[in-house]
Amino acid sequence: MEALPNVTSSPIIFLLTGVPGLEAFHTWISIPFCLLYATALSGNSLILFVITTQPSLHTPMYYFLSMLSTTDLGLSISTLVTMLGIFCFNAREIGFNACLSQMFFIKLFTVMESSVLLAMAFDRFVAISNPLRYATILTESRIAKIGVAIVLRGTLVLTPMVALLKRLSFCSSHVLHHSYCFHPDVMKLSCTDTRINSAVGLTALITTAGVDSIFIVLSYALIIRTVLSIASPEERKKAFSTCISHNGAVAVFYIPLISLSFVHRFGKQAPPYVHTMIANAYLLIPPVMNPTIYSVKTKQIRRAVLKARHSSMTKT
């Protein structure tokens with residue numbers, strides 16, 4: 001039996017795709033994308049700045065929020081070059097190793113965001129169920145260890161998934177269907193058996209975002225039980241209000257992620273632009289919306305932003 005030619009030993013160039021059928025309007029489409037990226041980068045940078053510079057925000061809740069903003073910045077930067085390169089300059093080519101690197105960092109920051117959201121759910125549970133011991137349970141050293149564990153977890157889970165793509169051969173089309181390198185998208189172009197890759201990819205998804213989502217739900221079940229045991233309606237309302245921002249962050253992360261997974265597995269008959277729009281929303285909505293959610297729903301962040309703005313205006 002003749003062996004399939006393994007072309008991964010020679011340089012491979014993939015072609016990324018913008019919005020299928022709207023190539024003539026890519027320049028115009030680039031305008032809202034530029035605005036979204038500017039919003040994501042400036043909003044998350046501002047969150048990090050005010051948390052770093054305001055001692056009143058040096059608490060566990062805001063340390064976790066700074067982790068969330070860091071992952072959102074990483075997620076935005078991971079796709080910025082290829083996304084705007086396509087829409088602004090029609091630069092569609094990406095090398096195989098560059099594609100794998102981008103894929104790894106996109107997945108890493110996605111897994112890190114899921115992990116941070118789980119840590120934030122635990123933070124809210126401790127704050128509501130055991131407020132007197134909150135500061136002693138979530139010390140700065142423990143939060144630092146949680147941050148290191150989040151990075152190590154993502155790296156260890158995702159490295160085999162990306163490394164296994166090196167064994168694949170790509171014999172025909174090299175045209176990807178997104179504006180960035182997406183794991184299932186790259187596998188579909190292979191002319192060799194990808195069952196191991198699919199199994200490893202699915203395992204990585206289940207053991208990260210899948211497990212995290214289950215524990216987030218369990219955390220909120222415990223939070224609800226604790227809050228309902230509080231006698232005062234005013235205290236119940238106050239306790240629930242501390243979770244609103246986190247609920248919004250969970251929604252804007254998991255809804256696009258679940259939608260993208262369903263479209264890839266069950267939406268094969270959907271128009272190509274549907275896949276593209278959901279794939280872009282999956283990466284852009286959380287970094288854009290999280291700073292807005294926390295700025296609108298958290299008084300301390302609003303006050304810190306206004307204080308920082310007033311301080312900068314006074315200096316000038």
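**Salt bridges and enclosed spaces**

Arg-124 and Asp-123 form a salt bridge, in which the closest N and O atoms are 2.9 Å apart. By salt bridge I mean a side-chain nitrogen of Lys or Arg within 4 Å of a carboxyl oxygen of Asp or Glu. Side chains of opposite charge can pair when their charged atoms come close.

The model before you is predicted: local features need pLDDT of at least 70 and side-chain atom pairs pLDDT 80 or more, while totals for chains, interfaces and linings use all residues. Residues are numbered from 1 along each chain as its sequence is written, and side-chain values use heavy atoms, with hydrogens and water left out.

How many salt bridges does a search of the whole structure find? The search finds 3. In the pair I began with, both Arg-124 and Asp-123 are buried. Buried means under 20% relative accessible area, exposed means over 50%, and partly exposed lies in between (1.4 Å probe, protein chains only).

Next, consider Arg-153 and Asp-212, whose closest N and O atoms are 3.0 Å apart in their salt bridge. This pair links distant parts of the chain, 59 residues apart, with Arg-153 in helix H5 (residues 140-163) and Asp-212 in helix H7 (residues 195-228). A helix here is a DSSP run (H or I, at least four residues), numbered from the N terminus. Is Asp-212 buried or exposed? Asp-212 has a relative accessible area of 1%, so this residue is buried. Its partner Arg-153 has a relative accessibility of 22% and therefore counts as partly exposed.

A further salt bridge joins the side chains of Asp-193 and Arg-195, at 2.8 Å from N to O. Arg-195 counts as exposed because its relative accessibility is 64%. Asp-193 has a relative accessible area of 38%, so Asp-193 is partly exposed.

I now turn to the spaces. On a 1 Å grid over the protein atoms alone, a cavity is a set of points where a 1.4 Å probe fits but cannot get out; a pocket is an open set with protein on both sides within 12 Å along at least five of seven lines; lining residues have an atom within 4 Å of a point. Points are joined across faces, edges and corners, and a volume is the space filled by probe spheres set on them.

The structure holds 1 cavity of 30 Å³ or more, and the largest cavity has about 60 Å³ of space. Which residues line the largest cavity? They are Met-61, Met-120, Asp-123, Arg-124, Thr-242, Ser-245, His-246 and Tyr-294. Both residues of the opening salt bridge, Asp-123 and Arg-124, thus appear in this list. Helix H3 (96-129) and helix H9 (244-266) each supply at least two of the lining residues, and H3 gives the largest share, 3 residues.

Arg-124 also appears in the largest pocket, which contains about 670 Å³ of space. That pocket is lined by 23 residues, and those nearest its centre are Arg-124, Lys-238, Ser-241, Thr-242 and Gln-300. Among the helices that supply at least two residues each to this lining are H3, H9 and helix H10 (272-297).

The second largest pocket has a volume of about 500 Å³. Its lining has 28 residues, with Lys-107, Phe-182, His-183, Pro-184 and Arg-265 nearest the centre. Which helix gives the most to this lining? H7 does, with 7 residues. Helices H3, H5, H6 (183-188) and H9 are also among those supplying at least two residues each.
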